[in-house]
Amino acid sequence: MRRDFDLIRTILLGVEEDGAKAFSRAEEPTLYYQAMLLHEAGYVRAVTDDQGITVFRLTRSGHDFLDSVRDDSIWNSTKDRVRKVSGSASLEVVKAVAESITKAMLGLS
């Protein structure tokens, strides 16, 4: 299964807005996988078992990543830029690209 940055962003936004979210391994395998990636990256605090994952909250790193990609225009520009260069990237690279776009918009680069 591939990493899906749109779903990753959606999960982070949902947890930030509504609190804990549970994802069933059997019923929602794609969401489960993306939530596991976030957990492994240290972007969320979660509990896992054989049935699924429950994400309780964002970590500081999760908040930082989400803040860098929250704005829809920055998010779309980030995805376009990553797609043009490599087609895929790590969470850290996506965050760095989003931050560089934000800095340019603020006249800080």
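**Figure 1. The largest pocket of the predicted model encloses about 280 Å³ of space.** Its lining is formed by 14 residues, and those nearest the centre of the pocket are Arg-3, Phe-5, Val-82, Gly-87 and Ser-88. Helix 1 and helix 4 each contribute at least two residues to this lining, with helix 4 giving the most, 5 residues. Sorted by class, the lining of the largest pocket comprises 6 charged, 5 nonpolar and 3 polar residues.

**Figure 2. Helix 4 (residues 72-85) packs against helix 5 (residues 91-105) at an angle of about 120°.** The axes of the two helices lie 9 Å apart. Helix 4 and helix 5 are therefore oblique to each other, and helix 4 passes helix 5 in a right-handed crossing. On the helix 4 side, the contact involves Ile-74, Trp-75, Ser-77, Thr-78, Arg-81 and Val-82; helix 5 contributes Val-94, Val-97, Ala-98, Ser-100, Ile-101, Thr-102 and Met-105. Of the residues in this contact between helix 4 and helix 5, 8 are nonpolar, 4 polar and 1 charged.

**Figure 3. Helix 1 (residues 5-18) packs against helix 2 (residues 29-41) at an angle of about 75°.** The separation between the axes of helix 1 and helix 2 is 9 Å. The angle makes helix 1 roughly perpendicular to helix 2. Leu-7, Ile-8, Ile-11 and Leu-12 of helix 1 meet Thr-30, Leu-31, Gln-34, Ala-35 and Leu-38 of helix 2 in the contact. The contact of helix 1 with helix 2 contains 7 nonpolar and 2 polar residues, and no charged residues.

Note on methods:
Residues numbered from 1 in each chain as written. Predicted model: local features only at pLDDT ≥ 70, side-chain atom pairs only at ≥ 80, totals over all residues. Heavy atoms only, no water. Axes fitted to C-alpha atoms, helices over the stretch in contact; angles between N-to-C directions. Helix = DSSP H or I, 4+ residues; strand = E, 2+ residues; numbered from the N terminus. Parallel < 35°, antiparallel > 145°, perpendicular 65-115°, else oblique. Left-handed = near helix turned anticlockwise from the far one by under 90°. Contact = heavy atoms within 4.5 Å. Nonpolar A, V, L, I, M, F, W, Y, C, P; charged D, E, K, R; others polar. 1 Å grid on protein atoms, 1.4 Å probe; cavity = no way out; pocket = protein on both sides within 12 Å on 5 of 7 lines; lining within 4 Å. Points joined across faces, edges and corners; volume = space filled by probe spheres on them.
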